[in-house]
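Ready to practise reading a protein structure? Take a moment with the sequence and the 3D view, then try each exercise before you look at its solution.

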Amino acid sequence: MTEVWALQLPDSQKIVLLALADCANDEGHCWPSMLALARKCSKGQRTVQGVIKTLVDAGHVTRREVAGRGCEYWVHPRKDCTPAEDAPPQPSRPAGTAPRNRRGGPPQPLRDTPAAAADKPSKNHQEPSKDSQPDGDPTLSISEIVEAWNDLASRCQLATAVKLTDERKRKAALQAKRFSIDDWLAVFRRIEQSPFLRGTNDRGWRCDFDFILSPSNFVKILEGKYDRQQAN
């Protein structure tokens, strides 16, 4: 992270690069969900996707997408890099002409649509999983929900979701349609801040993945019902 602080970068690029560095091991390798990065940076998921593309093009980050698992990253800040606002465009690749290699190889040709174009529906936007919802407001895919939950669970000593059953897939797909990305971010934040949901109650009960897949439970968390509940 010390190398990142020393870089002259626009605010949005520096905060995203710092978030990646914070997640990375000693080799600079990390595997955070996009939702986790958005939460760390206090920015929208599309904004973070666009910033990551810029960081990859500038040589600060390497990104590789793994089918059904999300993306992994390697952070390697370039000290000799011209600040982004003054730098000439890196091999400019408009979304419509970007290379289309689908499997393997280095992650340089991102599948994510840059933030500037993200609000336009595009068939070339990040290769969707069959459980994602492409129309209407941006929503989370089932794999993103699981990744974000497991990231939260590992930090809050909650049970991670190991087996993605058909029933869980069905409920998660419906939940992704019902609630926005901001709703999910708010729910995960409230769970992290609620002693009751993390096990400080008279039963020792802890919130789990199946609990948030219930629409009524999700709304209760979203509306703050469990914010102040403590053990008796």
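The exercises below go from the whole chain to single residues, and the model they use is a predicted one.

**Exercise 1: The whole chain**

Task: Find how many helices and strands the protein chain has, and what share of its residues is buried.

Solution:
- Step 1. Start with the secondary structure: the protein chain has nine helices and three strands.
- Step 2. Now put these elements in sequence order, which gives the pattern α-α-β-α-α-β-β-α-α-α-α-α.
- Step 3. Turn to burial: the chain has 232 residues, and 42% of them count as buried.
- Step 4. Look at the outside too. The accessible surface comes to about 12,900 Å², with 48% of it belonging to carbon and sulfur atoms.
- Step 5. Finish with contacts. Taking those between residues at least 6 apart in sequence, 59% join residues at least 24 apart.

**Exercise 2: The length and faces of helix 6**

Task: Work out what span helix 6 should have, and which of its residues are buried.

Solution:
- Step 1. Helix 6 covers residues 166-178, so it has 13 residues.
- Step 2. The expected span is 1.5 Å times one less than the number of residues. For helix 6 this comes to 18 Å, and its end C-alpha atoms are 19 Å apart, which agrees.
- Step 3. Next, list the buried residues of helix 6: Arg168, Ala172, Ala173, Gln175 and Ala176.
- Step 4. Seen down the axis of helix 6, these buried residues fall within an arc of 165 degrees, so they line one face of the helix.
- Step 5. A general rule helps here: an α-helix has 3.6 residues a turn, so residues three or four places apart point the same way.
- Step 6. Check the face turned away from the buried side of helix 6: Asp166 and Lys177 are exposed there.
- Step 7. Ask what the buried residues pack against: helix 5 (142-156), helix 7 (181-193), helix 8 (209-212) and helix 9 (215-222).
- Step 8. Zoom in on Ala173, a residue of helix 6. Its relative accessible area is 18%, and buried means under 20%, so Ala173 counts as buried.

**Exercise 3: The nonpolar cores**

Task: Which residues of the largest nonpolar core touch the most other members, and which elements give two or more residues to this core?

Solution:
- Step 1. The largest nonpolar core has 32 residues, and Trp149, Trp184, Phe188, Ile191 and Ile212 touch the most other members.
- Step 2. Helix 5, helix 6, helix 7, helix 8 and helix 9 are the elements that give two or more residues to this core.
- Step 3. Helix 5 gives the most, with eight residues.
- Step 4. Apart from this core lies another one, of 24 residues, including Leu7, Ala19, Cys41 and Val48.
- Step 5. Follow one residue as an example. Leaving out residues up to four places away in sequence, Trp184 touches Leu35, Leu140, Ile145, Gln175, Ala176, Phe179, Ile212 and Phe218.

**Exercise 4: Helix 3 and the residue after it**

Task: How many of the eight residues of helix 3 are buried, and what phi does Ser42 take?

Solution:
- Step 1. Helix 3 spans residues 34-41 and is mostly covered, with six of its eight residues buried.
- Step 2. Name the buried ones: Met34, Leu35, Ala36, Leu37, Ala38 and Cys41.
- Step 3. Move on to Ser42, just after helix 3, where phi is positive at about 55 degrees.
- Step 4. Recall the general trend: most residues other than glycine have a negative phi. Ser42 has its positive phi although it is not a glycine.
- Step 5. Place Ser42 in the chain: it lies in the loop between helix 3 and helix 4 (45-58). At 67% relative accessibility, Ser42 counts as exposed.
- Step 6. Look at Gln157 as well. Gln157 has a positive phi of about 60 degrees and is not a glycine. Gln157 lies in the loop between helix 5 and helix 6, and at 64% relative accessibility it counts as exposed.

**Exercise 5: Cysteines**

Task: Explain why Cys30 forms no bond with Cys23.

Solution:
- Step 1. Count the disulfides: the structure holds zero.
- Step 2. The closest cysteine sulfur to that of Cys30 is in Cys23, 5.6 Å away, which is too far for a bond. The cut-off for a disulfide is 2.5 Å between the sulfur atoms.
- Step 3. Check burial: Cys30 is buried, with a relative accessible area of 4%, and Cys71 is buried at 10%.

Note on methods
Residues are numbered from 1 along each chain as its sequence is written. This is a predicted model: local features need pLDDT of at least 70, side-chain atom pairs count only at pLDDT 80 or more; totals for chains, interfaces and linings use all residues. Side-chain values use heavy atoms; hydrogens and water are left out. Buried means under 20% relative accessible area, exposed over 50%, partly exposed in between (1.4 Å probe, protein chains only). Helices (H or I, at least four residues) and strands (E, at least two) are DSSP runs, numbered from the N terminus. The arc is that of the directions from the helix axis to the C-beta atoms. Contact means heavy atoms within 4.5 Å. A nonpolar core is a set of buried Ala, Val, Leu, Ile, Met, Phe, Trp, Tyr and Cys residues joined through side-chain atoms within 4.5 Å. Accessible areas come from the Shrake-Rupley method with a 1.4 Å probe; for residues, only the protein chains shown count as cover.
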